[in-house]
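Biologist: Could you take me through the part around the ligand in close detail? I'd like to hear what touches what, in plain words.

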Amino acid sequence: MKPILFDFTYSELEKFVTDMSQPRFRAKQIRDWLNRGAPDFESMKNIPEKFRAQLESVAQTLPVRVTKKLESSDGQTTKFLLELNDGEQIECVLMRTSYGNSVCVSSQAGCAMGCKFCASTLLGLKRNLTVNEMFAQILTAQWELRASVNEKSIRPNGDANNNDVSHIVIMGTGEPLQNVENVIGFMERANQDMGIGWRRITLSTCGIVPGIKRLIDWGRPINLAISLHAPTDELRSQIMPINNKYKLSEVLSAADEFTELHNRQLMIEYILLGRKDVNGETELYNATPEYAEMLSKLLRGKNCMVNLIPWNAVDERDFVSPSGNAVHRFQDILIKNGIHTRIRRERGTDIGSACGQLRLKHKRGENAS
Ligand code: SAH
């Protein structure tokens, strides 16, 4: 395995270049390129070509390597399949939105949580990602944004910051609160080194209560999202095994403590799931009007926003997506009960951007494009 220069300290980098009979200042040049997300040495234009070729044969730039890049048909979403140094694959998604450029970051290779509707967990957990492996995901997106400016010229609204990553959502593969120390290290780094404000970082969890407590101790005012998906323990335990360990009431009270501390709105994620009955008709699973009433009751009085997510089909899973009508009926009941809610616009479904599907296809040796 080639050494990853991004993981070197500055003095290690200096030693590395001087050992290759190069002047010390090459370390500074290389570090600047790495901080911009340079995927290879070829891109490092102020470094002599011969030395670049030498570097290419003995070292690697970042701890992630793009093995596949998919663009959605509207050009707004780019999905990366990234290879880590031990051959593991992870996914990362860049979403260009009206409010900025948001990157969906993975926190683990695979996932141990076993949620019944999700593709990320199908092959289990491989390992936690390091701080650098998470940080390199946003650098990869940043590099892509800058490269697309050069290729496609500046975007029409001319916003100077339009080519920077402005938002991070930790909603990719994995359960961030199972890797909480590295995830905290990553968020600190994104804030310090890339100037991404705490309020522009969202962490999504299936509800690991000690992890939420750790975020409370940490004390930064990020956004917290809870993947709820069911308003009763009975139903939630059927689709999310973690609910057997941390019950709804415990999860919500830890989340309330977090959001009250920072005076933030809690985000609730609720995937709407249907199932085929014996006659092949779609029946609503967690998306019935009764569950909408129960959810309203559970959340009444809380400062929260419910994101309703129409389920992205995963072949291996038994659910189906409910009709648009059923989704709107569910939402109407929440609104009637005074609960803030919106239906999440799905991005990049045409490129398998939803939830671990690209990685899964890659692992199975299918062609995901
Ligand atoms: N483990 C964390 C973060 C990763 S999942 C968590 O559970 O929050 C990010 C969000 O996508 C979660 O709300 C998850 O439940 C949801 N999700 C997983 N599979 C999905 C699918 N097939 N369609 C739509 N949303 C899905």
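Modeller: Here is a walk around the ligand, followed by a short look at one sheet. Keep in mind that this is a predicted model.

Let's start with who is there. The ligand has 19 residues around it, and the ones that come nearest are Glu175, Ser204, Ser227, His229 and Asn312. Sorted by class, that shell holds 10 nonpolar, seven polar and two charged residues.

Now for the polar contacts. Two of the serines reach an oxygen atom of the ligand with their side chains: for serine 204, an N or O atom of the side chain is 2.6 Å away from a ligand oxygen, and for serine 227, a polar side-chain atom also lies 2.6 Å from an oxygen atom of the ligand. Asparagine 312 uses its backbone instead, with a polar backbone atom 2.9 Å from a nitrogen atom of the ligand. As for cover, the ligand on its own has 530 Å² of accessible area, and the protein covers 94% of that. Two elements, β8 (201-205) and β10 (266-272), each give two or more residues to the shell.

Next, the sheet. Three strands form an open sheet in the order β12-β11-β14, and their pairing is antiparallel. Because β12 (282-284) and β14 (319-320) stand at the edges with a single partner strand each, one side of each has no neighbour in the sheet. Strand β11 (residues 274-276) pairs with β14 over two bridges, in the antiparallel sense. Within β14, valine 320 is the residue that glycine 274 stands opposite.

Terms used
Residues are numbered from 1 along each chain as its sequence is written. This is a predicted model: local features need pLDDT of at least 70, side-chain atom pairs count only at pLDDT 80 or more; totals for chains, interfaces and linings use all residues. Side-chain values use heavy atoms; hydrogens and water are left out. Two strands pair if DSSP finds at least two bridges between them. Helices (H or I, at least four residues) and strands (E, at least two) are DSSP runs, numbered from the N terminus. A residue is near a molecule or strand if one of its heavy atoms lies within 4 Å of it. A polar contact is a pair of N or O atoms within 3.5 Å; within protein, one must be able to donate a hydrogen and the other to accept it, and residues adjacent in sequence count only if both atoms are side-chain atoms. Accessible areas come from the Shrake-Rupley method with a 1.4 Å probe; for residues, only the protein chains shown count as cover. Ala, Val, Leu, Ile, Met, Phe, Trp, Tyr, Cys and Pro count as nonpolar, Asp, Glu, Lys and Arg as charged, and the others, Gly among them, as polar.
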